[in-house]
Amino acid sequence: MRLKFSEFLVVFVIVSVLLVGGCSTQQVSSETSSPSPTATEASTNATQETTTEAKSVFEATQEAIPGMKDLPRLEGKATVVMTVKGSPITIEVDGTNAPITAGNFVDLVQRGVYDGLVFHRVIGPQSNPPQAPFVAQGGDPQSKDPKVSINRLGTGGFIDPKTGSERYIPLEIKPQGAEAPIYGKTLETARINQPPVLTHKLGAVAMARSQMPDSASSQFYFALADLGFLDGNYAVFGYVTEGMDVVNKIQQGDRIDSAKVTQGAENLKNKN
């Protein structure tokens, strides 16, 4: 059975078992024949070669992880506006550095999965009693039904109508200097000392999961403070760019009015 967010954080603190996998950091150089390219052309060529290599690493990973190639992915960035109690929160979703995690989120937004869902766990000044700023977590589809017990919230995920089963996504973290993310491992497990590109700074948006690395589905959380101790263990996929004041006021039980993709929808690929 999936552990609640608080439970697997206890596991993290006591056992220190949330770790990630390895990734190539080789440099890409561009060789050209006469005539010599301009600086702009050389930069463009290098960027294209880097992108090609990153895609090949990504495609190889897709083949290695069963079912991953069928998951939605975001190639580039997108903007999502989430409205809570009538006030907007603007999120920049980063598919460049977290294509699967970002693609999963954008796909769920477009499906309307988050509309009406509850923030079932809030740890911060709005808590009762107030606590140090930590996270505001929501995204359990069970919370749309007001009859579901609060004790069950935090255990549910998105049921894919095509398969009738819960959709899980692999843990996805891109270390600094790497050409593509690593999957299914924390950075510590992968013995990678580089910090991730996407860190748990204030306003980060990341996926909640159980102690199993590849157990994230639809639940996400907002970082209410800089949470560097979570870096390399949970998948950040975007940041709040506007409306952090709204995020800071979220209380347990508040519902998401709506979530809409306002830019970058065309970057979503392999949508189920």
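Here are some short exercises on the structure above, each with a worked solution.

Before you start, note that this is a predicted model, where local features need pLDDT of at least 70, side-chain atom pairs count only at pLDDT 80 or more, and totals for chains, interfaces and linings use all residues. Residues are numbered from 1 along each chain as its sequence is written, and side-chain values use heavy atoms, with hydrogens and water left out.

**Exercise 1. The overall picture**

Find how many helices and strands the protein has, and what percentage of its residues are buried.

*Solution.* Start with the secondary structure: the protein has 4 helices and 14 strands. Here helices (H or I, at least four residues) and strands (E, at least two) are DSSP runs, numbered from the N terminus. Next, look at burial: of the 272 residues, 51% are buried. Buried means under 20% relative accessible area, exposed over 50%, and partly exposed in between (1.4 Å probe, protein chains only).

**Exercise 2. The nonpolar cores**

Work out which residues have the most contacts inside the largest nonpolar core.

*Solution.* First, the term: a nonpolar core is a set of buried Ala, Val, Leu, Ile, Met, Phe, Trp, Tyr and Cys residues joined through side-chain atoms within 4.5 Å. The largest one has 56 residues, and Met82, Phe105, Phe119, Phe220 and Phe222 have the most contacts inside it. Helix H3 gives this core its largest share, 6 residues. Then there is a second, separate core of 7 residues, with Leu171, Ile182, Leu187 and Ala235 among them. As a general background, nonpolar side chains tend to be buried together in soluble globular proteins.

**Exercise 3. Three salt bridges**

Take the pairs Glu92 and Lys77, Lys85 and Asp254, and Arg111 and Asp107, and say where the partners of each salt bridge lie.

*Solution.* A salt bridge is a side-chain nitrogen of Lys or Arg within 4 Å of a carboxyl oxygen of Asp or Glu. The whole structure holds 5 of them.

1. Glu92 and Lys77 meet at 3.4 Å, N to O. Glu92 is in strand S3 and Lys77 in strand S2 (residues 77–84), so this pair ties together parts 15 residues apart in sequence.
2. Lys85 and Asp254 meet at 3.9 Å, N to O. Lys85 sits in the loop between S2 and S3, and Asp254 in the loop between helix H4 (244–248) and strand S13 (256–263), so parts 169 residues apart in sequence are tied together. Lys85 is exposed at 56% relative accessible area, whereas Asp254 is buried at 10%.
3. Arg111 and Asp107 have their closest N and O atoms 2.9 Å apart. Both lie in helix H3, 4 residues apart, about one turn of the helix. Arg111 is partly exposed at 30%, while Asp107 is buried at 0%. Salt bridges with shared partners join Asp107, Arg111 and Arg167 into one network.

**Exercise 4. A closer look at Gln142**

Is Gln142 buried or exposed, and which side chain does its own side chain meet in a polar contact?

*Solution.* Locate Gln142 first: its place is the loop between strand S5 (135–138) and strand S6 (159–160). Gln142 has a relative accessible area of 18%, so it counts as buried. Its side chain makes a polar contact of 2.6 Å with the side chain of Arg152. A polar contact is a pair of N or O atoms within 3.5 Å; within protein, one must be able to donate a hydrogen and the other to accept it, and residues adjacent in sequence count only if both atoms are side-chain atoms.
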